[in-house]
Amino acid sequence: MMGRHRLPVLATAIFASLALSASTAHAADCAAANLLPALASLPTAQAATLCLLNGERASHGLPALAEQPVLEAAAQTYAQAMVSQRFFGHVSPSGQTIEHRLASYVGATGVRATGENLAWGEGALATPASVVRNWMSSPGHRGNVLDPSYGEVGIGVAAGNPNGGLPALAATYVTEFGGRGAAAAQPSELRASASSASPRPVAKRVSAKTRKQISKRCHSAARRVKTSKKARAARYDRCVRKALRAAAR
């Protein structure tokens with residue numbers, strides 16, 4: 001089985017501004033696209049990500065991607081593994097590759113091509129809308145999203161990130177693409193996109209112990225607010241970001 005991997009590229013805030021017009025329009029049509037996965041629930045974040053990806057494909061005259069259970073299971077397992085094992089990349093610390101993750105899918109009759117997009121972010125950069133914007137601004141990721149060879153997809157979203165980000169504010173995404181039938185370019189061709197990491201200039205410089213202390217303090221402050229759960233979560237978010245910026249100085 002032959003693999004083709006592109007060079008790693010980091011998606012930054014500069015990239016995020018390049019695809020705003022089309023992606024913003026799609027976000028308006030996709031429920032919870034601009035909410036953190038921890039607030040909207042992980043299944044809702046998965047659905048929003050799929051909605052955004054299919055919006056991008058529709059705007060380029062491509063058919064929608066259909067959810068595929070085997071791909072989804074592989075994507076969710078890998079997203080959770082990157083968070084729990086603190087790594088980020090298409091190859092795990094144990095040496096597992098996309099070929100290993102998708103072996104059972106590739107072994108099915110008619111499978112012709114597979115691909116993988118990865119991303120993680122914190123705060124506003126962890127929403128489905130932000131992640132898809134970054135993917136669409138990176139040639140490797142964009143190529144996977146708009147590849148006509150793919151007709152199926154599995155999306156995994158895990159709370160937290162490989163850098164130890166707070167589960168309430170951070171998220172890690174994995175998208176596994178699959179194609180069946182004559183539309184695919186080459187039989188058994190495996191393609192892994194360039195890895196995508198959302199900006200993390202603050203959390204990277206703050207110790208895990210300090211982040212836990214900040215989280216506890218902000219959680220207590222948010223609980224004292226007698227309002228809706230959503231408003232308390234927003235207050236917690238603002239408190240943590242402000243404290244992290246102060247701690248990083």
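**Figure 1. Met82, a residue of helix 5.** Met82 is found in helix 5. The model shown here and in the other views is a predicted one. Where does the side chain stand with respect to solvent, buried or exposed? Met82 comes out at 0% relative accessibility, so it counts as buried. Leave aside the neighbours within four places in sequence, and the contacts of Met82 are Phe87, Phe88, Gly89, Leu118, Pro162, Thr172 and Val174. Ala158 is worth picking out as well: its C-alpha atom is separated from that of Met82 by 8.9 Å, though the two residues are 76 apart along the chain.

**Figure 2. Helix 5 from end to end.** Here's the whole helix, residues 69-85. How far apart should its ends be? With 17 residues at 1.5 Å a residue, helix 5 should span 24 Å, and the end C-alpha atoms are indeed 24 Å apart, so the two values agree. At the N-terminal end, Gln68 acts as the cap, with a side-chain oxygen 2.8 Å from the backbone nitrogen of Val70. After the other end comes Arg86, which has a positive phi, near 55°.

**Figure 3. What helix 5 packs against.** Which residues of helix 5 are buried? They are Leu71, Ala74, Ala75, Gln76, Tyr78, Ala79, Ala81, Met82 and Val83. These buried residues have quite a list of partners among the helices: helix 4 (42-59), helix 6 (98-101) and helix 7 (103-106). They also pack against three strands, namely strand 3 (111-122), strand 4 (152-159) and strand 5 (170-180). Thr172, one of the contacts of Met82, turns up again in the next view.

**Figure 4. Strand 5 and its two partners.** Strand 5 pairs with strand 3 through 11 bridges, and the two run antiparallel. On that pairing, Glu122 has Ala170 of strand 5 as its bridge partner. Strand 4 joins strand 5 through 8 bridges, and this pair runs antiparallel too. There, Thr172 in strand 5 is the bridge partner of Ala158. So what does this leave of strand 5 for the solvent? Of its 11 residues, 10 are buried, so strand 5 is largely enclosed by the rest of the structure.

**Figure 5. A buried salt-bridge network around Arg101.** The count of salt bridges comes to 2, and Arg101 takes part in a network of them with Glu116 and Glu176. In the pair Arg101 and Glu116, the closest N and O atoms are 2.9 Å apart. Arg101 belongs to helix 6 and Glu116 to strand 3, so this pair ties together parts 15 residues apart in sequence. In the pair Arg101 and Glu176, the closest N and O atoms are 3.8 Å apart. Glu176 sits in strand 5, so its pairing with Arg101 of helix 6 ties together parts 75 residues apart in sequence. Why do these three charged side chains count as buried? The cut-off for buried is under 20% relative accessible area. Arg101 has 9% relative accessibility and therefore counts as buried. Glu116 is at 0%, so it is buried too, and Glu176, at 0%, is likewise buried.

**Figure 6. The disulfide between Cys30 and Cys51.** The structure holds 1 disulfide. Its partners are Cys30 and Cys51, with their sulfur atoms 2.0 Å apart. The pair links distant parts of the chain, 21 residues apart: Cys30 is in the loop between helix 2 (20-29) and helix 3 (37-40), while Cys51 is in helix 4. Which way does the bond twist? The torsion about the S-S bond is about -80°, so the disulfide is left-handed. Cys30 has 6% relative accessibility and so counts as buried, whereas Cys51, at 30%, counts as partly exposed.

**Figure 7. Helix 8 and the chain around it.** Helix 8 covers residues 128-136, and 9 of its 9 residues are buried, so the helix is largely enclosed by the rest of the structure. The residues concerned are Pro128, Ala129, Ser130, Val131, Val132, Arg133, Asn134, Trp135 and Met136. For the wider setting, the protein chain has 11 helices and 6 strands. Buried residues make up 52% of its 249 residues. And how many of the contacts between residues at least 6 apart in sequence join residues at least 24 apart? In this chain, 78% of them do.

Notes. Residues are numbered from 1 along each chain as its sequence is written. This is a predicted model: local features need pLDDT of at least 70, side-chain atom pairs count only at pLDDT 80 or more; totals for chains, interfaces and linings use all residues. Side-chain values use heavy atoms; hydrogens and water are left out. Helices (H or I, at least four residues) and strands (E, at least two) are DSSP runs, numbered from the N terminus. The expected span of a helix is 1.5 Å times one less than its number of residues. Buried means under 20% relative accessible area, exposed over 50%, partly exposed in between (1.4 Å probe, protein chains only). Contact means heavy atoms within 4.5 Å. A polar contact is a pair of N or O atoms within 3.5 Å; within protein, one must be able to donate a hydrogen and the other to accept it, and residues adjacent in sequence count only if both atoms are side-chain atoms. A salt bridge is a side-chain nitrogen of Lys or Arg within 4 Å of a carboxyl oxygen of Asp or Glu. Two strands pair if DSSP finds at least two bridges between them. A disulfide is a pair of cysteine sulfur atoms within 2.5 Å.
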